Amino acid sequence: MTKPICVVLTGAGISAESGIPTFRAEDGLWAGHKIEEVCTPEALKKNRAKVLDFYNERRRNAQAAQPNAAHLVLVELEKAYDVHIITQNVDDLHERAGSKNVLHLHGELNKARSSFDPDYIVPCFDDQKLEDKDENGYPMRPHIVFFGENVPMLPKAEELVKKADIVIVIGTSLQVYPANGLVNEAPSWAKIYLIDPHPNSGFIRQQVEIIAMKAGAGVPKVVNALLK
Ligand code: APR
């Protein structure tokens, strides 16, 4: 008997209780850094050192963080559902919690990529250095989707959401295209949950059950209800 498909769409909010800052809070990452200086292809050309420093710091912070109750309880869900995590996050907390199917829409901190060959991707657990080169001598870059760049994993993500029986949206302001449109790819009969202390459900076309709580308490609440 095949298990119902549950797609979980996560954003920075699910990692907030692990101590990783979100982006658009008053003390968020975009309050302390200019997007155009650290998260655009132009920034990489103009100021590679600043971009590498920004991601080196985020990589170190993510490695020092631990998965929280929300990441961990999503693994429990796999007992009764075919769970697919589609995350905008670049940390590896879902993987470290034990989730089996994790798709990163915006890249991963623990990987580096050739600035010339997008298919040349290697593990990267230490600080990236300016002199790091690919096998053809081209400079390496963070394996992160910058603003203005395309999102190679989007078609795969859309296919998953289109097959979902349940979609759980956790900890995202739903302000960044095209990730924010994914939830609206769900079948009309799918059950949609939104878990966020400051939920922005205006973007969601379907009927949605809102749990206006932090992920650490809200995700276990929903998972326990789904496992009943
Ligand atoms: N639990 C659940 N949600 C939380 C928590 C928490 N403890 N704390 C904050 N949130 C919510 C906020 O209310 C907000 O809705 O998490 C969301 C964080 O929103 P953003 O900071 O905009 O992060 P996100 O939606 O993931 O950003 C999307 O923008 O900058 C780009 O590529 C970057 O992936 C990122 C994308």
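Visitor: Hi! Is Cys6 buried or exposed here?
Guide: Hello! In this predicted model, Cys6 is buried, with a relative accessible area of 0%.

Visitor: And which cysteine sulfur is nearest to that of Cys39?
Guide: That of Cys124, 16 Å away, and Cys39 is in no disulfide. Cys39 counts as buried too, at 5% relative accessibility.

Visitor: How many disulfides does the structure hold, then?
Guide: Zero.

Visitor: Okay, switching to the sheet. What is the strand order?
Guide: It is an open sheet of six strands, running β3-β2-β1-β7-β8-β9 with parallel pairing. The twist averages 20° from one strand to the next.

Visitor: Which strands stand at the edges?
Guide: Those are β3 (102-104) and β9 (208-211). Each has a single partner strand, so one side of each lacks a neighbour in the sheet.

Visitor: How many bridges join β8 and β9?
Guide: Four, in the parallel sense, with β8 covering residues 191-195. Leu194 stands opposite Ile210 in β9.

Visitor: What does α9 touch on the sheet?
Guide: Helix α9 packs against β7, β8 and β9, and its direction makes about 160° with that of β8.

Visitor: New topic: which residues of α6 are buried?
Guide: In α6 (residues 69-76), Ala70, His71, Val73 and Leu74 are buried.

Visitor: And what covers them?
Guide: The cover includes strands β1 (5-10), β2 (82-87) and β7 (166-170), along with helices α1 (13-16), α7 (93-97) and α9 (215-226).

Visitor: What does the side chain of Asn68 do at the start of α6?
Guide: One of its oxygens reaches to within 2.8 Å of the backbone nitrogen of Ala70.

Conventions
Residues are numbered from 1 along each chain as its sequence is written. This is a predicted model: local features need pLDDT of at least 70, side-chain atom pairs count only at pLDDT 80 or more; totals for chains, interfaces and linings use all residues. Side-chain values use heavy atoms; hydrogens and water are left out. A disulfide is a pair of cysteine sulfur atoms within 2.5 Å. Buried means under 20% relative accessible area, exposed over 50%, partly exposed in between (1.4 Å probe, protein chains only). Helices (H or I, at least four residues) and strands (E, at least two) are DSSP runs, numbered from the N terminus. Contact means heavy atoms within 4.5 Å. A polar contact is a pair of N or O atoms within 3.5 Å; within protein, one must be able to donate a hydrogen and the other to accept it, and residues adjacent in sequence count only if both atoms are side-chain atoms. Two strands pair if DSSP finds at least two bridges between them. Axes are lines fitted to C-alpha atoms, for helices over the stretch in contact, and angles run from 0 to 180 degrees between N-to-C directions.
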